[in-house]
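Colleague: Got a minute to walk me through this one? I'd like to jump between a few spots and then zoom out.

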Amino acid sequence: MEYDVIIIGAGPGGIFSAYELTKKRPELKIAVLEAGHGLDKRRCPIDGEKVKACVKCKSCSIMSGFGGAGAFSDGKYNITNDFGGTLYKYIGKKQALDLMGYVDEINMSHGGEDTKLYTTAGTKFKKLCMQNDLHLLDASVRHLGTDVNYVVLKNLYEYLKEKVDFFFDTPAESVFGCKDGSGYEVRCGEAKYFGRYCIISVGRSGSKWMEKVCGEMGIKTKSNRVDIGVRVELPAEIFSHLTDELYESKIVYRTPKYGDLVRTFCMNPKGAVVNENTNGIVTVNGHSYEDPEKHTENTNFALLVAKHFSEPFKDSNGYGESIARLSNMLGGGVIVQRFGDLIRGQRSTQKRIEESFTTPTLNATPGDLSLVLPKRLLDGIIEMIYALDKIAPGTANDDTLLYGVEVKFYNMEVEVDEHLQTEYEGLYIIGDGSGITHSLSHASASGVYVAREIGERA
Ligand SMILES: Cc1cc2nc3c(=O)[nH]c(=O)nc-3n(C[C@H](O)[C@H](O)[C@H](O)COP(=O)(O)OP(=O)(O)OC[C@H]3O[C@@H](n4cnc5c(N)ncnc54)[C@H](O)[C@@H]3O)c2cc1C
């Protein structure tokens, strides 16, 4: 099967590459190879009744399939260079922001037009945070919500399916090619696909495969950081003054004890806590719906500490995985603990969780996070909870729930040039799979960027 462009991975990076290529060069023949299912077949078996916990499906519908890891996400498109990736280091700050704005316009014209764009510009909370040694990062955030995000993806698929050949349940196994740009052969089992250009956008779920391909092709990589922490869940009223105005606030705190940076991440007002399965390891995440009927009573967000190992140990992800495995070993999956129990040095029990004034939105195993998280990380998280309590009183209440562990794995950072092209002519690595982006908006913007590059060259 011969194509002009083969795209591996149908997450936001792959989708926006395909979209932009069809706009700029409609005559090009494009294939998208995706390990997971089509959007309509993506279904996580956890229903909260018959199936309460992760059953470790072969292809995780939360992480894989059309829409990628973003399909059932909260659909928060942060338009900023302050977090979400370092795309700006390759393509410049202005261009990165312009592309994120362009992605926002496409989302708005495919079903997202009634959603709200929140911004930190001119907010009073910046001062309040500073007065309490907390630092609010600048961003505009479009909250599509899990429901509208799905509609936008559905509409994008409807547009693309006539113009692009999609191959679902088709994991790429290997990539062959020469550095001279004579094209790439991608093998998926018995099937072979040939493309003059190849865009790899395999996200976090494709991290192990990406490492294998880079090893085989001699593409240089360097170790990246890993973010480890917990997901906090509390009554929505506690953070409502912040979330009503900003929706999501990215707040950073430097711990006095170790000088580590702890930050809030992925805030979901009136949302739900969910499991996430990365390469068989169950961690925790969160999302929320735009539709008020699907709102819960709680707000959740992650508190994360970044760790980066380089010498002599380089495997930051391996470190994060070991901690997540420990929580899976002790809890059979994700562990939940009341903040009051953690402070008093006692494990949470089913009874204590049932008696809690905060009702958990995820069915996790009551346990003791101090047996899982290293002291340095746990101390930082506890200090941050007390710091947040000053701007959102109630954060440090006994019944605040902590789910562990939340781990943000970042792919090894792949060596690419300012065109996001590897040393192989015509082979591009983008999105979270490149280790350069860590968010919907940055991954999508990187897709548009390489599509325009190819559009001019092909
Ligand atoms: C529950 C959850 C909530 C999130 N919420 C947000 C949010 O609100 N805002 C935000 O900015 N970010 C959020 N994220 C992160 C965001 O989803 C990712 O940053 C984004 O999806 C990255 O896009 P991508 O295209 O690079 O990779 P992905 O979305 O991971 O897509 C990669 C695709 O490649 C496929 N693939 C992997 N290996 C292969 C292979 N060998 N062959 C073929 N296909 C392959 C995968 O199946 C997957 O579909 C969330 C993530 C999760 C899991």
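Colleague: Where does Glu413 sit?

Modeller: Glu413 is in strand β21, which covers residues 413–414. Bear in mind that this is a predicted model.

Colleague: OK, and is Glu413 buried or exposed?

Modeller: In between. Glu413 has 16 C-beta neighbours inside 10 Å, so it counts as partly exposed; buried would take 20 or more, and exposed 12 or fewer.

Colleague: What does Glu413 touch, leaving out residues up to four places away in sequence?

Modeller: Thr221, Lys222 and Asn224, plus Gly435 and Ile436.

Colleague: And how far is Glu413 from Lys250 in space?

Modeller: 24 Å, C-alpha to C-alpha, with their positions 163 residues apart in sequence.

Colleague: Switching to the ligand. How many residues surround it?

Modeller: The shell has 46 residues, and the closest are Gly11, Gly68, Gly203, Gly206 and Gly431.

Colleague: Which elements give two or more residues to that shell?

Modeller: Two helices and three strands: α1 (12–24) and α12 (440–457), along with β3 (76–79), β15 (272–278) and β16 (281–287).

Colleague: What's the chemistry like around the ligand, by class?

Modeller: The shell splits into 24 polar, 16 nonpolar and six charged residues. Glycine is counted among the polar ones.

Colleague: You mentioned α12. How does α12 cross α3?

Modeller: The two axes cross at roughly 100 degrees and come within 9 Å. So α3 is roughly perpendicular to α12.

Colleague: Which residues meet there?

Modeller: From α3 you have Ala96, Leu99, Met100, Tyr102 and Val103; from α12, Ser441, Ser444, Ala445, Val448 and Tyr449. By class, the contact has eight nonpolar residues, two polar and no charged.

Colleague: And what's the angle between α3 and α5?

Modeller: About 95 degrees, with the axes of α3 (residues 93–112) and α5 (residues 145–160) 8 Å apart. That makes α3 roughly perpendicular to α5.

Colleague: Which residues in α3 and α5 meet?

Modeller: Asn107, His110, Gly111 and Gly112 on the α3 side, against Val148, Val151, Val152, Asn155 and Leu156 on the α5 side. The class split for that contact is four nonpolar, five polar and no charged residues.

Colleague: Stay on Gly111 for a second. What does Gly111 touch, again skipping residues up to four places away in sequence?

Modeller: Val148, Val151, Val152 and Asn155. Those residues belong to α5, while Gly111 itself is in α3.

Colleague: Is Gly111 buried or exposed?

Modeller: Gly111 has 18 other C-beta atoms within 10 Å, which means it is partly exposed. The cut-off for buried is 20 or more.

Colleague: And how far is Gly111 from Thr400?

Modeller: Their C-alpha atoms are separated by 36 Å, and the two are 289 residues apart along the chain.

Colleague: Backbone stuff now. Which peptide bond is cis?

Modeller: The one from Gly404 to Val405, with omega near 0 degrees. Val405 lies in strand β20, residues 401–409.

Colleague: What's phi at Asp133?

Modeller: Near 60 degrees, a positive value in a residue that isn't glycine. Asp133 sits in the loop between α4 (125–131) and β5 (134–136). With 11 other C-beta atoms within 10 Å, Asp133 is exposed.

Colleague: And what about phi at Asp169?

Modeller: Positive as well, about 50 degrees, and again not a glycine. Asp169 is in the loop between β7 (165–167) and β8 (174–177). Asp169 has 15 other C-beta atoms within 10 Å and is partly exposed.

Colleague: Zooming out, how many helices and strands are there in the protein?

Modeller: 12 helices and 22 strands. The radius of gyration is 21 Å, close to the 23 Å the globule rule gives for 458 residues, so the protein is as compact as a globular protein of that length.

Colleague: What box do the C-alpha atoms fill?

Modeller: Roughly 65 × 45 × 45 Å along the principal axes.

Colleague: How much of the protein is buried?

Modeller: Buried residues are 53% of the 458.

Colleague: Last one: what share of the contacts comes from residues 24 or more positions apart?

Modeller: 77%, counting contacts in the protein with a separation of 6 or more.

Methods
Residues numbered from 1 in each chain as written. Predicted model: local features only at pLDDT ≥ 70, side-chain atom pairs only at ≥ 80, totals over all residues. Near = placed C-beta within 6 Å. Helix = DSSP H or I, 4+ residues; strand = E, 2+ residues; numbered from the N terminus. Rg over C-alpha atoms; globule rule 2.2 N^0.38 Å. Contact = placed C-beta atoms within 7 Å. Axes fitted to C-alpha atoms, helices over the stretch in contact; angles between N-to-C directions. Parallel < 35°, antiparallel > 145°, perpendicular 65-115°, else oblique.
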